[in-house]
Amino acid sequence: MDREVILTEEGYAKLKEEIEYLSTTKRREVAERIKEAREFGDISENSEYDDAKNEQAQLFYRIQSLEQKLRNARVVDTEHLSTDTVSIGAHVTLKDTKSKATREYSIVGSAEADPKNGRLSNESPVGKALLGRKKGDKVTIPTPRGPLQYQIVDIQAGDHDG
């Protein structure tokens with residue numbers, strides 16, 4: 001049984017866009033490289049041809065993998081998301097109980113995680129610690145340098161890039 005992939009509406013749309021790009025534009029580019037490499041003559045010792053064929057195989061695998069994710073996708077409706085508790089699709093504002101610094105994260109499925117941009121997986125330590133918690137709750141998050149304590153300041157529906 002394939003694993004369910006949890007996506008926000010934005011993540012689902014991005015996945016569809018990537019499949020479309022890879023299936024059309026990128027596929028044509030690789031086919032053109034193969035055609036050009038064939039014109040160099042003997043393909044048995046032609047590294048350009050081998051490289052292009054390898055790229056074609058990787059492209060095919062990537063498209064299949066993305067299509068599989070799409071088939072197993074469960075899209076989270078962020079428009080009608082409850083803001084009573086933290087759930088996938090929520091945008092959470094946290095305040096460090098010691099430094100009083102605030103941080104903002106969007107909780108997303110693992111397929112969309114991008115920690116550098118504040119998009120944390122529901123399976124990450126922070127994501128797991130926040131799921132199901134309410135505004136005002138204090139949360140302890142284990143880290144290699146010791147536990148961090150945050151208070152949930154706000155929960156909003158949807159993804160807020162910023």
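This is a short dialogue about a pocket and a sheet in a predicted model.

Q: How do I read a pocket, and what volume does the largest pocket have here?
A: Start with the general idea: rolling a probe the size of a water molecule over the atoms shows where empty space is left. In this structure, the largest pocket has a volume of about 230 Å³.

Q: Which residues line the largest pocket?
A: Look for Leu-7, Gly-11, Lys-14, Leu-15, Glu-18, Arg-62, Leu-66, Lys-69, Ala-111, Glu-112, Asp-114 and Arg-119. By character, the lining has seven charged residues, four nonpolar and one polar.

Q: Which helices supply at least two residues each of that lining?
A: Those are helix H1 (9-38) and helix H2 (47-71). H1 gives the largest share, four residues.

Q: Now the sheet. In what order do the strands lie?
A: The general idea is that strands of a sheet pair through backbone hydrogen bonds, either parallel or antiparallel. Here five strands form an open sheet, in the order E5-E4-E3-E7-E6, with mixed pairing.

Q: Which strands stand at the edges?
A: Strand E5 (119-121) and strand E6 (138-141) do; each has a single partner strand, so one side of each is left without a neighbour in the sheet. From one strand to the next, the twist averages 45 degrees.

Q: Do strands E3 and E4 run parallel or antiparallel, and how many bridges join them?
A: Strand E3 (residues 90-96) and strand E4 (residues 102-108) run antiparallel, joined by five bridges. To find your place, look at Lys-95, which stands opposite Thr-102 in E4.

Conventions
Residues are numbered from 1 along each chain as its sequence is written. This is a predicted model: local features need pLDDT of at least 70, side-chain atom pairs count only at pLDDT 80 or more; totals for chains, interfaces and linings use all residues. Side-chain values use heavy atoms; hydrogens and water are left out. On a 1 Å grid over the protein atoms alone, a cavity is a set of points where a 1.4 Å probe fits but cannot get out, and a pocket is an open set with protein on both sides within 12 Å along at least five of seven lines; lining residues have an atom within 4 Å of a point. Grid points are joined across faces, edges and corners, and a volume is the space filled by probe spheres set on the points. Ala, Val, Leu, Ile, Met, Phe, Trp, Tyr, Cys and Pro count as nonpolar, Asp, Glu, Lys and Arg as charged, and the others, Gly among them, as polar. Two strands pair if DSSP finds at least two bridges between them. Axes are lines fitted to C-alpha atoms, for helices over the stretch in contact, and angles run from 0 to 180 degrees between N-to-C directions.
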